[in-house]
Amino acid sequence: MVENSLSPASITNNLETHFVGQRVIYYPSLASTMEVAKQEAEKGAAEGTVIIADEQTAGKGRIKRVWLTPKGNIALSVILYPSVAYLPSLIMLASLAAIHSIEAATGLKSQVKWPNDVLINGKKVCGVLIESNVRGDIVDYAIIGIGVNVSLRLYDFPEIQPTATSLSDELGREVSRLNVIRCLLVEIERLYLALLAGGSIYEEWRDSLVTLGRQVQVKSGKTIYDGIAESVARDGSLLLRHSDGSLSKIVAGDVTLRD
Ligand code: BTN
């Protein structure tokens with residue numbers, strides 16, 4: 001039986017970080033960790049403060065979608081105060097941290113579907129949401145939100161069953177949620193410090209994308225683009241080659257793989 005109850009101490013005890021996860025605010029149930037993280041950031045919470053919930057009743061996904069977090073899964077938000085130049089890298093950082101920690105904790109290999117869906121065997125296991133408050137060049141705060149399907153039984157959620165998976169469904173056994181959380185926090189800090197020290201995480205993120213070289217359809221706002229996902233720019237945008245040879249640079253959108 002895997003011990004899966006959460007408490008701030010179980011997360012922070014001997015956690016090998018300097019600031020990420022050194023303060024953890026835990027809720028058994030919460031609408032969304034993003035909202036509480038914003039309130040804490042506005043009150044000046046220390047950088048690296050983590051808001052974590054056992055269950056979210058109104059979890060937020062990208063593009064105003066809903067994110068399901070029944071008990072037994074991971075829903076956390078991390079408060080950071082980066083300078084504006086680092087904002088585009090946070091999406092890359094969060095998805096790489098997810099891939100690394102999933103592999104470290106379970107041995108499962110995952111990939112990123114642009115911009116930040118983490119997939120195992122083509123199905124989504126983790127989602128990343130970055131929200132920030134920026135005034136001109138001043139970043140008041142940035143919040144990294146990460147949701148991981150750890151023990152989600154897809155059988156109980158037919159609406160997402162064709163496109164989603166969970167760590168326990170992939171492995172056919174229980175998974176230590178605590179272990180994944182602690183690995184995630186260590187990885188977030190390691191990658192963030194590497195970034196601040198002038199390192200680049202763009203190349204690794206680009207190489208982890210399952211999207212590149214594939215025929216895709218991208219929904220961006222009300223526009224639908226078709227083409228081959230040729231590359232990604234350093235600011236994270238997708239470069240899409242159309243059949244007439246022209247190239248679109250897409251900043252945000254939702255990708256469907258067509259081949
Ligand atoms: C997506 O794939 O659309 C992004 C999903 C992000 C979900 C996480 S769970 C923790 C944090 N709190 C939320 O309400 N959303 C993010």
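Student: What makes the pairing of T33 with the ligand a polar contact?

Tutor: The model is a predicted one, and in it a polar side-chain atom of T33 lies 2.9 Å from a nitrogen atom of the ligand. The cut-off for a pair of N or O atoms is 3.5 Å, so this pair counts as a polar contact.

Student: How do you know that Q56 makes a polar contact with the ligand as well?

Tutor: By the distance between an N or O atom in the side chain of Q56 and a nitrogen atom of the ligand, which is 2.9 Å. That value is within 3.5 Å, and the pair therefore qualifies.

Student: Which part of R62 is paired with an oxygen atom of the ligand, backbone or side chain?

Tutor: The backbone: a polar backbone atom of R62 is 2.6 Å from that oxygen atom. The pair is within 3.5 Å and is therefore a polar contact too. As for cover, the ligand taken alone exposes 410 Å², of which the protein buries 99%.

Student: Where does the ligand sit, and what does that wording require?

Tutor: The ligand sits in the largest pocket. The wording requires that more than half of the ligand's atoms lie within 2 Å of the pocket's grid points.

Student: How many residues surround the ligand, and of which classes are they?

Tutor: There are 20 residues around the ligand, with S32, T33, K60, R62 and K124 the closest. The shell divides into nine polar, seven nonpolar and four charged residues.

Student: Which element gives the most to the shell around the ligand?

Tutor: Strand β8, with four residues. Elements that each supply at least two shell residues include α2 (33-42), β3 (56-60) and β9 (138-148).

Student: Why is the length of helix α5 called close to the expected one?

Tutor: Helix α5 covers residues 177-196, which is 20 residues, and reaches 29 Å from its first C-alpha to its last. At 1.5 Å a residue the expected value is 28 Å, because the rule multiplies 1.5 Å by one less than the number of residues. Just after α5, G198 has a positive phi of about 100 degrees.

Student: What makes the bond between W114 and P115 a cis peptide bond?

Tutor: Its omega is about 0 degrees. P115 belongs to the loop between β6 (111-113) and β7 (117-120).

Student: What is the phi of N14, and where is N14 placed?

Tutor: Phi of N14 is near 55 degrees, a positive value in a residue other than glycine. N14 is in the loop between α1 (8-12) and β1 (24-27).

Notes. Residues numbered from 1 in each chain as written. Predicted model: local features only at pLDDT ≥ 70, side-chain atom pairs only at ≥ 80, totals over all residues. Heavy atoms only, no water. Near = heavy atom within 4 Å. Polar contact = N/O pair within 3.5 Å; in protein donor to acceptor, adjacent residues only side chain to side chain. Areas by Shrake-Rupley, 256 points an atom, 1.4 Å probe, with all protein chains shown as cover. 1 Å grid on protein atoms, 1.4 Å probe; cavity = no way out; pocket = protein on both sides within 12 Å on 5 of 7 lines; lining within 4 Å. Nonpolar A, V, L, I, M, F, W, Y, C, P; charged D, E, K, R; others polar.
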